[in-house]
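Please open the model in a viewer and keep the sequence panel visible. The stops below are to be selected in turn.

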Amino acid sequence: VFVVDRAASLLRFGDGLTGRIPVPDALNRIQFRLQYETGAGPAGNTGSGLNWQGADDPTLSAVNLVAAEGSAASESLEAAAARAAANLKEQTRAVIAPDYEEIARTTPGIGIARAHAAVGKHPALPCASVPGAVTVYIVPNAPGPAPQPDPGALSAVWQRLDARRVIGMEVFVAGPRYRAVSLTVSLTGTPADPVSLRQAISDRLQTFFDPLQGRDGSGWGFGEALSPSALLREAQAAAGDGVQVTSVSIGLDGAAPSQNCIDVPIGPNDLVTLTGVAIQLTAGPKWPAAR
């Protein structure tokens, strides 16, 4: 367990109580070594999400969540003029909510996939709207159904926003709060492969709720209510012909799925994560294909 100190380019390990202290083995041999190369002009601009393996030990692997960028060939006068013009459009001051979101999302060296600014949100006063306060929730570009930013990312984004805020504004940066969602999907029909059907519906709904790629590909919206009718359409699309999805019941925060008629609200700054999908299949005649 370690913390990335991006400002100092260091990995800070534990103190023996919170995180272990790396020590040499019994023969005092080096346990690990980091080696990298820089430069190479535009060829060094690698994308994010690449899989890396150790040259000497293929069992060691890593994924870079942040793209390598900024390396370029010698700049021409025309390119310099174009770059200067583009810099005029760069967001350097946080005034309204979209400003905070854009500045947070573009923090250098950190893979921030999404940002949501809650104007008036103060962590010490969760039930009130506080003038002059804004909390920015950030979602890292990381795998998993409920990704959270690490302390280094939170600190880096806060420093960037604090330097660009309007005087008198209080800025806070936090990871998103995820509401646990469980579903019961009721179907009628006689599928050829019930096991594959269950898996297909579960996978489709898991993707639908994904905070990075759900819904229309941009991630589940902050504060977006859970709609039984929308979930039913997704489940039916996964089930295909021959089976009818009759209802989708929703449970929130550990409650048994029960609501299947009206939308289920979540907090205005919350996201959701799917924790379970139960399938109730009732045998019946093959449902006709849609015309």
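A residue is called buried here when its relative accessible area is under 20%, exposed when that area is over 50%, and partly exposed in between. By that rule Trp220, at 1% relative accessibility, counts as buried. The model is a predicted one, and Trp220 is a later stop on this tour.

**The whole chain**

Begin with the full chain shown as a cartoon. Its secondary structure comes to five helices and ten strands. Switch to the C-alpha trace: along its principal axes it spans about 70 × 60 × 50 Å. The radius of gyration is 24 Å, whereas a compact globule of 291 residues would have one near 19 Å.

Now colour by accessibility. Of the 291 residues, 31% count as buried. The chain exposes about 17,900 Å², and carbon and sulfur atoms supply 56% of that area. If you draw contacts between residues at least 6 apart in sequence, 62% of them join residues at least 24 apart.

**The aromatic cluster**

Where do ring pairs link residues into a cluster? Select Phe208, Phe209 and Trp220, which ring pairs link in this way. The whole structure holds four aromatic pairs. One of them is Phe208 with Trp220, an edge-to-face pair with 5.5 Å from centre to centre and 80° between the planes. Phe208 belongs to helix α4 (residues 194-208) and Trp220 to the loop between α4 and α5 (228-239), so this pair ties together parts that are twelve residues apart in sequence.

Keep Trp220 selected and turn to Phe209. The ring centres of Phe209 and Trp220 are 5.1 Å apart and their planes stand at 50°, so this pair is tilted. Both Phe209 and Trp220 lie in the loop between α4 and α5, so the pair ties together parts that are eleven residues apart in sequence.

Are the two phenylalanines buried or exposed? Phe208 is buried, with a relative accessible area of 6%. Phe209 is buried as well, at 2%.

**Asn64 and its surroundings**

Next, select Asn64 and show its side chain. Asn64 sits in strand β4 (residues 61-64) and counts as buried because its relative accessibility is 17%, under the 20% cut-off.

What does the side chain of Asn64 reach? One partner is the backbone nitrogen of Leu50, at 3.1 Å. Another is the backbone oxygen of Gly47, which lies 2.9 Å from a polar atom of the Asn64 side chain. To see the wider surroundings, add Thr46, Gly47, Ser48, Gly49, Leu50 and Trp52: these are the residues in contact with Asn64 once neighbours within four places in sequence are left aside.

**Ala118 in strand β5**

Move to Ala118, placed in strand β5 (residues 112-119). Ala118 counts as buried because its relative accessibility is 6%. Which residues does Ala118 touch, not counting those up to four places away in sequence? They are Ala133, Val134, Thr135, Tyr137 and Asn269.

With Ala118 still selected, draw a distance to Asp193. The C-alpha atoms of these two residues are separated by 46 Å, and the residues are 75 apart along the chain.

**Ala79 in helix α1**

Select Ala79, which is found in helix α1 (residues 77-87). Ala79 is partly exposed, with a relative accessible area of 33%. For another distance across the model, pick the C-alpha atoms of Ala79 and His116: they are separated by 34 Å, with these positions 37 residues apart along the chain counted as their spacing.

**A backbone angle at Asp253**

Go on to Asp253, in the loop between β9 (243-252) and β10 (270-282). Most residues other than glycine have a negative phi. Phi of Asp253, however, is near 55°, a positive value in a residue other than glycine. Asp253 is partly exposed, at a relative accessible area of 43%.

**Two cysteines**

Finish with Cys127 and Cys261. Cys127 counts as exposed because its relative accessibility is 81%. Cys261 counts as exposed too, at 65%. How many disulfides does a search of the whole structure find? The search finds zero.

Key:
Residues numbered from 1 in each chain as written. Heavy atoms only, no water. Disulfide = S-S within 2.5 Å. Buried < 20%, exposed > 50% of the residue type's maximum accessible area, 1.4 Å probe, protein only. Helix = DSSP H or I, 4+ residues; strand = E, 2+ residues; numbered from the N terminus. Polar contact = N/O pair within 3.5 Å; in protein donor to acceptor, adjacent residues only side chain to side chain. Contact = heavy atoms within 4.5 Å. Rg over C-alpha atoms; globule rule 2.2 N^0.38 Å. Areas by Shrake-Rupley, 256 points an atom, 1.4 Å probe, with all protein chains shown as cover. Phe/Tyr/Trp six-rings, centres within 6.5 Å; stacked < 30°, edge-to-face > 60°.
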